[in-house]
Structures are given as C-alpha cells and as structure tokens.
Amino acid sequence: MSTLNHHSSELFSRLLIQNQRRLYGFIFTLVQDHTVTEDLLQEAATLLWRKFDSFQPGTDFGAWAMKVSRFKVLEWRRAQQRLALPIEEELLLELASRAETAQQTKGLGRLEVLESCVAKLGDRDSDLIRQRYDEGVSVQNISEKLNRSRDAVYKKLARIHRDLQACIEKNLQSEIAELS
Amino acid sequence: MKPEELDILIERHLGGDLDVAEQKLLAEALEEDWAIERFVDRMTLAADLHQRASIGIYPSRSVASASTRSSSSRLWQLALVAFSVAATLLVAFVFRKSSAPQPIAVLVSSDHASWEGSLPTVPGSELHQGFLELRTGVATIRFRSGAEMILEAPAHLVLESPMKASLLNGAATVEVPDSAKGFIVQTPEGEVVDLGTAFAVSVDPEKQSSLFEVLSGEIEIRPNDHTATKRLTETEVATLDASGVSRQLDLLEMQRSPDLAEPTVRLKTNGRELTIIRDAQYRNSLEPDVMMVKTSQVSAHFDRRAFFGFDLSQVDLDGGEGFPDAKIILNLAPSRHGTATLLPETSLFSIYGVTMNNAERVFALKDPQWGDIPDTTKAELIDSFQVSRGQQTGVVEIASQSLVNFLNDHQNEIACFLVVRESGEKGQQGLVHAFANSLHAEISGPSLEITLVR
C-alpha cells in the first residue's frame, strides 16, 4: 500500500490541475458526451491517485494520465449495450492516439488562443456560441428562438466551428514560430 | 463524403440528433484518414469551448487548505485527509454545468404499464435512443419533436430519433403537430410518413402485415421494396404487406394475438422500503431515492442494510394452491457514496426473508433503528448474488425455490426482505451499493413478479 503523505497529495493535486483540461478533451474526443466524460474523468483521477506512489516525479504525468483514461474509456465502451458512435475498438485506439497527439502538441497556450479567436467572432455568431455552450440551450430551442430549422442551426454552428478552428491553427502556428 | 457533409454529421452527433442509420454512417466515414483528423479537431474544440464556459475553483485555495491540516498519528487518518483533498479537487473538476445526453422522448403517462428491463415508469421520465418493450398496459410517449404516440402492449418499439420510431410489434396511435410534420413510423414491411396530423397503426409480425387508419390529415405509406407509395387521407384504412399497400373498405377490427405469456402479477413495494444504518448518527448519509447496502470490516459504523416489503394480500390466488413461481427484480443504482476501487472484484450479497408481524409499523417509522429489523440469524436465506466491481447499474433477478416457499408461507401478509452485503472492502471509503426504491426518478424500484398458473 502506498505511504500516502502530505507532499504527494499536494503534488498530485498540482499535476492533476495542470493536466485536467487536456484529460477532459482527450476523453471527450473518445466518448463525445459531457456527462460520460465527467464520470470517466473522475474515475480516472481516482485510479491515478490510488496508483500515485508508482508515478516517478519528473516523468510525463499527462501521458500516464491519458493512458489510464484510455483504459477507463475502453472499460466503459465494453459495458455499453449500444454505442452512439458504433466504431470498432481498433478505430477507437487510433482516435485515442490522435487525440493524445492533439492534446500534447496543440495544448500549448491553447486557452488564450481560443479566447482571442472567440473574441473575433461577429455579434450573432458570438451569441450563438454563448447560448450553445455557456447557457447549454438545446439546438431545438435555439432553432425555435431564431425561427430557423434545426438543419440551418447545425449548418451555422459548423461554419462557426470551422472559422474558430482556422483561427486557432493560424495563431498557434505563429505562437510556435515565436517560441522557437 | 465531402468535408462539409462530415461537419454537419458531427454537429448533429454532438446535438444527439442522429438516428441509428446516421450513426453508422458517421462511424463508416471515420475510416478515412482526413475524416479522423477533422473529427479529432472538432471534438477537441468542442471540449475546450465547453470547459471555457464552465465554472472552476481556484486550485491554490484547495491546496492551501490541505497544507494547514495538522499531521495525525494514525496513518489511516492521513490517508483519509489526502484522499479527501484529492476528492475536493475532483469535485472542482466535475463542472456543474454538465449537459445530459439529449433524450429522444419523454414518457408522458402510463396506464398499468410495465416495461421489460429496468426502464423508468414514472411519468416525466426521459427516454433515450434504443429498444423498448411494453409488456402490459398503455403508455403515452412524447417525442422531442412534438409527436405523440400512444402505445398499447404487447409492443416492441425502437426509439430512433425525435422524428422517427420503429414499431416492430403492437399497436399505436400517432399524433403529429406541425413541428413534427414528417414524423416517420417504420414497420417491418415499410415506413409511414405522417404529413399531419394523426393516424393509428397496428403491426402483426405473425401475419407479416400492418394496418393503418388515418384519423385526421394525411399519411404516406412507403413499402420497403420501393413499390408505389400510397397516400391515405382521413378515415381511410389500408394494409401493408409483402404484396404492397391495399385499401380496405370494410374491415373488422384487426385481430391481434394477445400476449400469450402466462398470467403474472407484478407487485411493487409502494413505499415499503428503507435503509437501516448501524450507527444512527450517520443517518444523514442516507439518500431518499435508493436503498443502500454496505458492510465494512474496517468501520462497522457505516454498515447499511436494505429492507423492503410487498403486500401479498393484494394477490388473488383464485382458489389456487399457492404461488408456483416468483422472482424479485432489483435495480442497481449509483449510490454516489464511496469508491469502487476499494472493493474486491466481486461483491457478494445475500437476500433474506424476514418474518415479522409489525412490518407496517416499521415501514412507517421516520427513523428506523438497526435493532428494529430482525438480524439475519433470525431470517431465512432466500438467495445470494454477485455484483462486479465496475457495475453500478443493472438488473438483479432473484428466483429460487426458497423464495417461493417463503411467499407461500406468508400468503396474505406483507412479505419482507433484507438485503445484506456479505463481502467487505479494503478501506472504509468503500463503495456503498444501492438499489433504486420507488422514489427514484429514473430507475424502477423493487418488483415482485408472481406467476399465477403453471
């Protein structure tokens, strides 16, 4: 059993906080559902804490945490009677490896970049993002409020996301260029 | 598939708006390299946007509170502190504004309805994509699109999306307001599109035909083999089978094969359920919508047992000799207490039959004490079952000769049962198991199913 002490809990907390956003993004990419992601993140964190005495300080906590998270996702998938996205385990593992790369490489400074890109959105686009993400309004309700069809709302969301993605990539590249 | 098409599919998947066929389509699209890249980018962005919007707790505050804790002599106390520090942070990580997976429909009302499996029967329950089997009664389901379906048992229904359902067996009436115009009911021989506003459908899998009657408005019937589609208007009746659509002028009510299952009675606990905890000062750890079960050799204070009862006087044996067969159905529910990682790989439970003549009084107690329920040494062992470590939901069925004997010994009384966890845990923070009781919003409480005639 681990000799849990004061110092390890502080270290663990710090490492977990530093990696928590990346872990969330990683798990969400594999399950595409926020409630499931939160549950699995909590399960993974619990397991990481219990095994923390086997972690070598100085090594890559994020990589280890994603390995544990991936295991939790696989476990969860196998327990499901049916999957909302019916892909084979092999494809899921491929997704996991891409997701890990995305989090490790594009993770740097992503928050600030995202903020500046969202700030660049026009009023109507920014309002739609706010409703969808900040207020959690369903697409059905948004379509009723805007008096458009659900398909029209989805098209709009897809366009905004494409724009955000392009903006982020452009800014990340210049940021990486600055750092090197 | 074009990138823009994939984008839309992904958006709708995130919105929970794909039907079963479209989900397969998306899965297949991901076989392509470019599609995987796009999918991963899109999901990463969605996760970031979601987290950006959520509330977080400043980490430094929580870590500071950990460092001010005085050191304690006992190792387990320290472990508890460290664990609760991590646990506090974990709570901070679980963002409060979680968006639940979008339900497809809501159960509006049910008349003596019982479903196969552990589905909710409380009106207002949210129904998700999947397969439903209505065993008895009549149920009304409202889809997110506004379409409303009244379903009569026995029926097999697949909820595909807010605008589509498949009726594999059974009868239903569908009412479709403007918002759901175009609602589709799929039957084994073809699909029906409701152009507004109401129609009745009856599927007979044995005769391999379906019957449609338009109550108001218009429907379009599309046979599977893409032969001529037919439009039916108000008061028109037609059958659909392998040979196509045929209008019926004078048709008797469609004969439906009744449920040929043996007559069974399903009893519920009707509020006769409680959890007793060994140390009454921890009463606050009990949850109102579940019965909790735990045994800990580490700290017996938190031991809990589930106690519930069924009123057998409701059952009319009709001059019969006794109950030939019976089973108890319990549904596991997340207890939200403790961690499964401190449990052995499987936990062993026992269910006992308890004979007591003051059962009603005990169930009515506001504050039942450990001593109010007879101990297991004075009870009859009915059966044992196992639950594996990773499992917090699921159905447990208990059927044994001991159960039948116990029921027959208490024919006009309240049959009481005690559920105890025999196996322990590695630490006192071990998972508390829980079974839904009659108050649980989403999961059915205990039922007793009795077969009357063999």
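**Exercise 1. Determine which residues of α6(A) are buried, and compare the span of this helix with the expected value.**

*Solution.* The buried residues of α6(A) are A:D125, A:L128, A:I129, A:Q131, A:R132 and A:Y133. The model examined here, and in every exercise below, is a predicted one.

Step 1. Helix α6 of chain A covers residues 123–134, which gives 12 residues.

Step 2. The expected span is 1.5 Å times one less than the number of residues, and for this helix the result is 16 Å.

Step 3. The end C-alpha atoms of the helix lie 15 Å apart, which agrees with the expected span.

Step 4. After α6(A) comes A:G136, which has a positive phi near 65°.

**Exercise 2. Classify the aromatic pair of B:Y282 and B:F302, and state where each residue lies.**

*Solution.* Step 1. A pair of aromatic rings is described by the distance of the centres and the angle of the planes.

Step 2. Over all chains, the count of aromatic pairs comes to 20. In the pair of B:Y282 and B:F302, the distance is 4.7 Å centre to centre and the angle between the planes is 75°.

Step 3. An angle over 60 degrees counts as edge-to-face, and the pair of B:Y282 and B:F302 is accordingly edge-to-face.

Step 4. B:Y282 belongs to the loop between β13 (273–277) and β14 (290–293) of chain B, and B:F302 to the loop between β14 and β15 (304–311) of chain B; the pair therefore ties together parts that are 20 residues apart in sequence.

Step 5. B:Y282 is partly exposed at 29% relative accessibility, whereas B:F302 is buried at 17%.

**Exercise 3. Is the pair of B:F349 and B:F385 stacked or edge-to-face?**

*Solution.* Step 1. The ring centres of B:F349 and B:F385 are 5.2 Å apart, and the planes meet at 5°.

Step 2. Planes under 30 degrees apart count as stacked, so the pair of B:F349 and B:F385 is stacked.

Step 3. B:F349 is in strand β17 (residues 346–354) of chain B and B:F385 in strand β18 (residues 380–388) of chain B; the pair links distant parts of the chain, 36 residues apart.

Step 4. Both partners are buried: B:F349 has a relative accessibility of 0%, and B:F385 one of 8%.

**Exercise 4. Explain why A:E75 and A:K72 are separated by about one helical turn, and describe their contact.**

*Solution.* Step 1. Both residues belong to helix α3 (residues 61–79) of chain A and are three residues apart, so about one helical turn separates A:E75 from A:K72.

Step 2. An α-helix has 3.6 residues a turn, so residues three or four places apart point the same way.

Step 3. The side chains of A:E75 and A:K72 meet in a salt bridge, 3.2 Å from N to O.

Step 4. A:E75 is partly exposed at 37%, while A:K72 is buried at 11%.

**Exercise 5. Identify the salt-bridge partners of B:R272 among B:D311 and B:E360, and locate them.**

*Solution.* Step 1. B:R272 forms a salt bridge with B:D311, the closest N and O atoms being 3.8 Å apart.

Step 2. B:D311 is in strand β15 of chain B, and B:R272 is in the loop between β12 (264–268) and β13 of chain B, so this pair ties together parts 39 residues apart in sequence.

Step 3. B:R272 also forms a salt bridge with B:E360, with a closest N and O separation of 3.0 Å.

Step 4. B:E360 lies in helix α6 (residues 359–364) of chain B, so its pair with B:R272 ties together parts 88 residues apart in sequence.

Step 5. B:D311 is buried at 14% and B:R272 is buried at 12%, whereas B:E360 is partly exposed at 42%.

Note on methods:
Residues are numbered from 1 along each chain as its sequence is written. Chains are lettered from A and ligands numbered from 1 in the order in which they are written. This is a predicted model: local features need pLDDT of at least 70, side-chain atom pairs count only at pLDDT 80 or more; totals for chains, interfaces and linings use all residues. Side-chain values use heavy atoms; hydrogens and water are left out. Rings of Phe, Tyr and Trp (its six-membered ring) pair if their centres lie within 6.5 Å; planes under 30 degrees apart count as stacked, over 60 as edge-to-face and the rest as tilted. Helices (H or I, at least four residues) and strands (E, at least two) are DSSP runs, numbered from the N terminus. Buried means under 20% relative accessible area, exposed over 50%, partly exposed in between (1.4 Å probe, protein chains only). A salt bridge is a side-chain nitrogen of Lys or Arg within 4 Å of a carboxyl oxygen of Asp or Glu.
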